[in-house]
Amino acid sequence: MKQKKLSHHKSAHGLRPACLSFGEVLAQSFAVIAPTTIPASNIGLIVALSGKGAWLSFLIGLIGLVLVSININQFASRSASPGSLYSYIVKGLGPTAGVICGWSLVLAYLFTGMSVLCGFANFSGILIGQLGIHPSSITLLALGAGIAWYAAYKDIQLSAMAMLWLEGISLALIAVLCAIVWANKGFALDMSQLTLSDVTPGKVATGLVLVMFAFSGFESATSLGDEAKKPLQTIPRSVMGSVILAGLFYISTTYIEVLGFSGTGMSITETEEPLRFLSQQVGMGFLGELIAVGALFSFFACVLGCINPAARIFFMMARHGLFYSKLGNAHSLNRTPHIAVTICSFAIFLVPALMSLFNVKLFESMGYLGAICSYGFLTVYILISLAAPVYLYKIGKLRLHHIVFSVLAVAFMMIPVLGSVGIPGSTMFPVPEAPYDVFPYLFLMYLAVTCGTFVLQRLRSPNIVAEMRQGVEEIHARFSDRDGL
């Protein structure tokens with residue numbers, strides 16, 4: 001009887017219950033991280049900052065986000081819902097912090113989706129251009145957003161399987177090429193990297209800013225609370241697993257790519273497609289071409305991976321009365337949050353399309369939108385790390401090591417925050433150049449507007465806070481007997 005009751009509650013939101021396996025849930029987090037894109041195109045930017053300490057920047061980033069994962073999993077191992085970290089922070093720090101988290105996550109996922117959609121259009125334009133076909137940027141943006149919308153609208157399982165295969169094949173190809181490159185170097189130990197030759201702490205810290213952004217979105221599996229099988233096991237494992245797997249992948253590929261470029265006369269920091277160059281160096285040029293196609297698919301999987309959690313957070317916030325109630329409806333046949341999916345997909349297309357109309361290049365748009373999304377993720381990671389010990393204290397489970405994990409996680413997150421905002425006069429954390437120096441203030445204005453709207457809603461409808469708390473408590477109560485709460 002207990003199992004039947006649980007299943008009934010799982011489908012209460014109208015989403016398809018318990019349909020996703022651990023692999024499919026893991027694919028959601030991996031798709032937003034999009035690990036293929038770092039070694040395939042962006043590694044040069046990180047090496048330019050960290051030098052031969054780039055692998056160490058990734059290692060420190062891995063440790064920091066494992067700490068954040070531990071804090072997330074204090075909630076994810078006890079309850080699950082489509083509301084993701086928004087529901088958890090309402091539970092830990094209250095509705096106002098929950099609203100800040102919800103709007104920060106929505107911005108983070110939508111702007112990540114916009115950024116990688118620009119990457120998809122830019123990359124596909126280059127590949128199609130080799131065939132003598134030159135479609136407009138807006139056509140390519142519409143194509144990527146349209147296909148991603150259909151997959152997210154139609155079936156979460158189809159969506160998850162697509163992401164799993166697209167990202168999995170790309171990662172396998174990169175792993176094979178890196179193994180060949182390392183074998184070609186006689187499996188040498190690069191002592192200049194291992195001894196951190198000419199590397200300063202400032203370089204490693206500055207590189208960590210981009211490294212943290214490379215991991216952004218690892219927590220997105222938490223939005224599949226209704227749709228995951230055994231969510232209290234699969235979601236925590238996916239959150240932690242995606243961080244560890246992506247971190248190990250980043251560390252190993254960075255080490256091998258830097259080693260592979262030594263003695264070639266080319267600088268990895270000046271190469272837009274480093275894996276294609278390395279594949280030609282070892283006489284496996286066709287593998288580089290396959291990886292380029294794989295990177296294109298990875299960009300697409302990330303667009304899809306961003307639509308899924310953004311739509312589900314909109315879906316839950318709408319059901320809590322925070323905005324238009326229709327967004328809280330699920331499709332009667334597909335069992336997906338179809339209205340929220342459609343709005344998110346349109347927003348992800350619209351902003352890059354407008355930027356393209358104003359002649360902002362796709363590559364530049366990708367950088368601008370990617371920088372803005374990072375503030376949303378960092379805000380949420382700090383809030384969840386603060387919420388975890390408060391929540392554990394409320395339920396009588398708080399121990400000293402939980403406080404230590406919280407403090408360390410917040411400390412690690414402050415490094416990229418300082419790197420993003422900058423400290424006037426500091427050489428370690430200089431103030432970013434324009435227009436990046438304006439982005440933190442735009443994000444704060446966004447939070448002021450969205451939270452101001454919430455304050456007005458509270459004045460007009462005093463019951464809204466009680467409804468939010470009740471909605472989150474109902475979700476939590478379904479799982480309470482598992483933890484003896």
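1. In this predicted model, the side chains of Arg276 and Glu289 form a salt bridge, with an N to O distance of 3.2 Å. Arg276 belongs to helix 12 (residues 274–281) and Glu289 to helix 13 (residues 285–319), so the pair ties together parts that lie 13 residues apart in sequence. Glu289 is partly exposed, its relative accessible area being 34%.

2. Arg276 has a further partner: its side chain also meets that of Glu273 in a salt bridge, at 3.5 Å from N to O. Glu273, Arg276 and Glu289 are thereby joined into one network through salt bridges that share partners. The count of salt bridges in the model comes to two.

3. The members of this network may also be described by their accessibility. Arg276 has a relative accessibility of 13% and therefore counts as buried, the limit for that class being under 20%. Glu273, with a relative accessible area of 24%, is partly exposed.

4. A second site for the reader to inspect is His402, which lies in helix 16 (residues 400–421). Is His402 buried or exposed? Its relative accessibility is 11%, and His402 therefore counts as buried. The side chain of His402 is joined to that of His401 by a polar contact of 3.2 Å.

5. The surroundings of His402 include residues from elsewhere in the sequence. When residues up to four places away in sequence are left out, His402 touches Asn71, Gln74, Leu392 and Lys397. Helix 4 spans residues 54–76 and has the highest confidence in the protein chain, with a mean of 94.

6. On the surface, attention is drawn to a nonpolar patch of about 540 Å². Which residues make this nonpolar surface patch? The patch is made by Phe346, Leu350, Leu354, Leu357 and Phe358. Phe346 lies in helix 14, which covers residues 338–357.

7. Confidence should be stated for the model as a whole. The protein chain has an average pLDDT of 83, and 89% of the residues score at least 70. Confidence is lowest in helix 1 (residues 2–10), where the mean is 38.

8. Two stretches call for separate mention. Over residues 1–11 the pLDDT stays under 50, and the model gives this stretch 13 contacts beyond four places in sequence. Over residues 481–485 the pLDDT is likewise below 50, and this stretch has twelve contacts in the model beyond near neighbours in sequence.

Terms used. Residues numbered from 1 in each chain as written. Predicted model: local features only at pLDDT ≥ 70, side-chain atom pairs only at ≥ 80, totals over all residues. Heavy atoms only, no water. Patch = residues over 30% accessible without salt bridge, like charges linked within 9 Å, V, L, I, M, F, W, Y side chains within 5 Å. Areas by Shrake-Rupley, 256 points an atom, 1.4 Å probe, with all protein chains shown as cover. Salt bridge = Lys/Arg side-chain N within 4 Å of Asp/Glu carboxyl O. Helix = DSSP H or I, 4+ residues; strand = E, 2+ residues; numbered from the N terminus. Buried < 20%, exposed > 50% of the residue type's maximum accessible area, 1.4 Å probe, protein only. Polar contact = N/O pair within 3.5 Å; in protein donor to acceptor, adjacent residues only side chain to side chain. Contact = heavy atoms within 4.5 Å. pLDDT = per-residue confidence, 0-100.
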